[in-house]
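Trainee: I keep running into labels on this model, and I'd like to know what earns each one. Can we go through them together?

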Amino acid sequence: MRFRCEACGAQLPKWAGRCPECGAWNCIQEVPEKPAPASRAGYAGMETAEILPLARIPPEQAVRRATGIGELDRVLGGGLVQGSVVLIGGDPGIGKSTLLLQASAALGREASVLYVTGEESPQQVSLRAHRLGVREKGVHLLAETQVERILQHLTDRPPRALILDSIQTLFTDRLESAPGSVSQVRESAAQIVRWAKGTGTAVFLVGHVTKEGALAGPRVLEHMVDTVLYFEGEPGSPYRLVRAVKNRFGAVNELGVFLMTDQGLKEVPNPSAIFLARHDRPVPGSAILITREGTRPLMVEVQALVDESPLANPRRVALGLDPNRLSMLLAVLHRHGGVPLFDQDVFVNVVGGVRIQETAADLAVLLAVRSSYRDVPLDLQLAVFGELGLSGEIRPVPNGPDRLREAAKHGMKRVIAPKGNVPKGGVAGLEILEVRTLREALEGL
Ligand code: TYD
Ligand code: MG
């Protein structure tokens with residue numbers, strides 16, 4: 001065995017916590033004795049490539065097939081692409097195996113699907129399959145964890161789709177380290193990716209992630225695979241979100257929404273309806289944001305609680321938002337909105353466990369914060385979106401008209417939107433206030 005520093009590339013005879021060459025920590029990885037090149041691995045479909053002028057290569061449309069689960073197809077960019085490798089990461093117990101078993105049922109209606117289980121026994125998988133009503137003839141099961149043996153089973157007749165649950169349990173005999181170690185995970189995945197490209201089989205890899213997202217596993221795979229999906233969910237909430245964070249065949253940040261029931265995962269095709277917790281009466285500290293997840297607008301409630309702080313350094317807590325952005329927004333609110341919060345604790349939460357990654361949430365956050373601070377509720381039928389700049393200006397965000405239509409669809413009456421985001425002629429049924437600065441927005445309330 002050899003070891004190599006990931007940072008500087010130094011070769012070492014044995015593992016060390018710190019690289020003696022460059023001094024970086026935690027960067028020594030085991031590498032295979034012979035870095036077996038793909039051409040020698042000899043999987044079906046592997047040929048020596050030749051150099052061609054780009055202009056002469058005929059473009060090939062990716063062949064997509066619906067998985068039969070609409071929300072999963074949505075995050076995949078419209079279906080499963082042949083020969084693509086999809087990594088599904090998420091906390092243990094979130095529902096990865098459940099989703100893939102349901103997907104294999106749908107795929108197994110027309111073609112053969114192999115579900116390789118390394119974590120559960122075939123009996124356990126069967127028990128779950130019974131509960132989920134999976135009876136399709138095309139679904140096959142294999143309990144095996146050695147990559148070479150798995151691929152050997154498939155040399156003659158590769159299935160349409162291969163599901164590997166999970167990548168942490170797989171190992172290759174090219175390495176001596178334990179299954180689940182970074183080098184094993186990476187080398188096993190590399191072999192599988194090569195095989196998938198060679199045979200045109202679509203592969204799902206399941207990967208567990210810890211809360212820090214740094215566990216030996218999925219993170220090191222992200223650059224190898226075509227698509228990375230993250231399975232998220234709030235503890236205690238039955239809703240599950242599947243987010244595409246990388247997709248060579250579609251849009252990223254696309255969001256699929258599911259409900260975990262005792263009959264498995266059910267699709268939620270109209271997620272605004274669930275994230276938009278409706279209050280009977282207006283309450284202070286709540287603002288309705290029209291955000292966008294991938295190609296779909298989504299209405300969510302942003303809540304804020306502002307309270308006098310006993311601490312010298314008041315707390316700023318952001319759940320579902322970037323905490324640094326919250327600090328910046330509070331500074332803007334003080335300077336350009338005249339709301340002093342230096343002696344106040346500020347908590348902001350996005351309802352339903354949604355994680356907002358776009359700046360269009362800025363205005364909603366500030367309106368919720370101000371509403372809580374002043375103890376004055378916002379209108380129940382008001383929705384907002386818009387990005388804030390440091391000089392208090394409100395900037396337009398992508399896809400304004402889509403957001404406005406979504407608001408109208410969900411019965412909103414008034415929207416505060418950045419100038420430049422409103423289509424000519426407005427949107428039927430909506431009273432839209434176009435604003436250029438934070439001050440205009442606050443006065444417009
Ligand atoms: P699972 O798919 O095993 O999670 P993962 O593979 O990500 O570790 O899901 C396990 C959880 O889902 C478990 O806590 C039970 C729950 N569950 C249901 O609520 N309903 C169901 O029909 C199934 C199959 C699981
Ligand atoms: Mg599982």
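Trainee: Which residues of α4 are buried, and what makes them count as that?

Mentor: V125, A129 and L132 are the buried ones in α4. Buried means under 20% relative accessible area, exposed means over 50%, and partly exposed is in between, using a 1.4 Å probe and protein chains only. Helices (H or I, at least four residues) and strands (E, at least two) are DSSP runs, numbered from the N terminus. Keep in mind that this is a predicted model, where local features need pLDDT of at least 70, side-chain atom pairs count only at pLDDT 80 or more, and totals for chains, interfaces and linings use all residues. Residues are numbered from 1 along each chain as its sequence is written, chains are lettered from A and ligands numbered from 1 in the order in which they are written, and side-chain values use heavy atoms, with hydrogens and water left out.

Trainee: Why are V125, A129 and L132 said to be on the same side of α4?

Mentor: Because they cover an arc of only 65° around the axis, they sit on the same side of α4. The arc is that of the directions from the helix axis to the C-beta atoms.

Trainee: And what is on the other side of α4?

Mentor: There, Q123, L127, H130 and R131 are exposed. The buried residues of α4, meanwhile, pack against α3, β7 (113-117), β8 (139-142) and β14 (264-267). Contact here means heavy atoms within 4.5 Å. Just after α4 comes G133, with a positive phi of about 70°.

Trainee: Why is V422 called buried if it's in a loop?

Mentor: The loop between β22 (414-418) and β23 (431-435) is where V422 is found. Its relative accessible area is 18%, so V422 is buried, as the cut-off is under 20%. V422 touches L404, A417, I432 and E434, not counting residues up to four places away in sequence. V422 and E434 are twelve residues apart in sequence, with their C-alpha atoms 7.5 Å apart in space.

Trainee: What about S309: buried or exposed?

Mentor: S309 has a relative accessible area of 15%, so S309 is buried too. You'll find S309 in the loop between β16 (296-308) and β17 (316-319).

Trainee: How do you know that the side chain of S309 makes a polar contact with the side chain of D345?

Mentor: A polar contact is a pair of N or O atoms within 3.5 Å; within protein, one must be able to donate a hydrogen and the other to accept it, and residues adjacent in sequence count only if both atoms are side-chain atoms. The pair between the side chains of S309 and D345 is 2.9 Å apart, so the pair qualifies. The side chain of S309 also reaches the backbone nitrogen of L311 at 3.0 Å.

Trainee: Which residues come nearest to ligand 1?

Mentor: Of the 16 residues around ligand 1, G93, S97, T98, T261 and G264 come nearest. A residue is near a molecule or strand if one of its heavy atoms lies within 4 Å of it.

Trainee: What makes G93 and R128 polar contacts of ligand 1?

Mentor: A backbone N or O atom of G93 lies 2.7 Å from an oxygen atom of ligand 1. For R128, an N or O atom in the side chain is 3.0 Å from an oxygen atom of ligand 1. Both distances are within 3.5 Å, so both pairs count.
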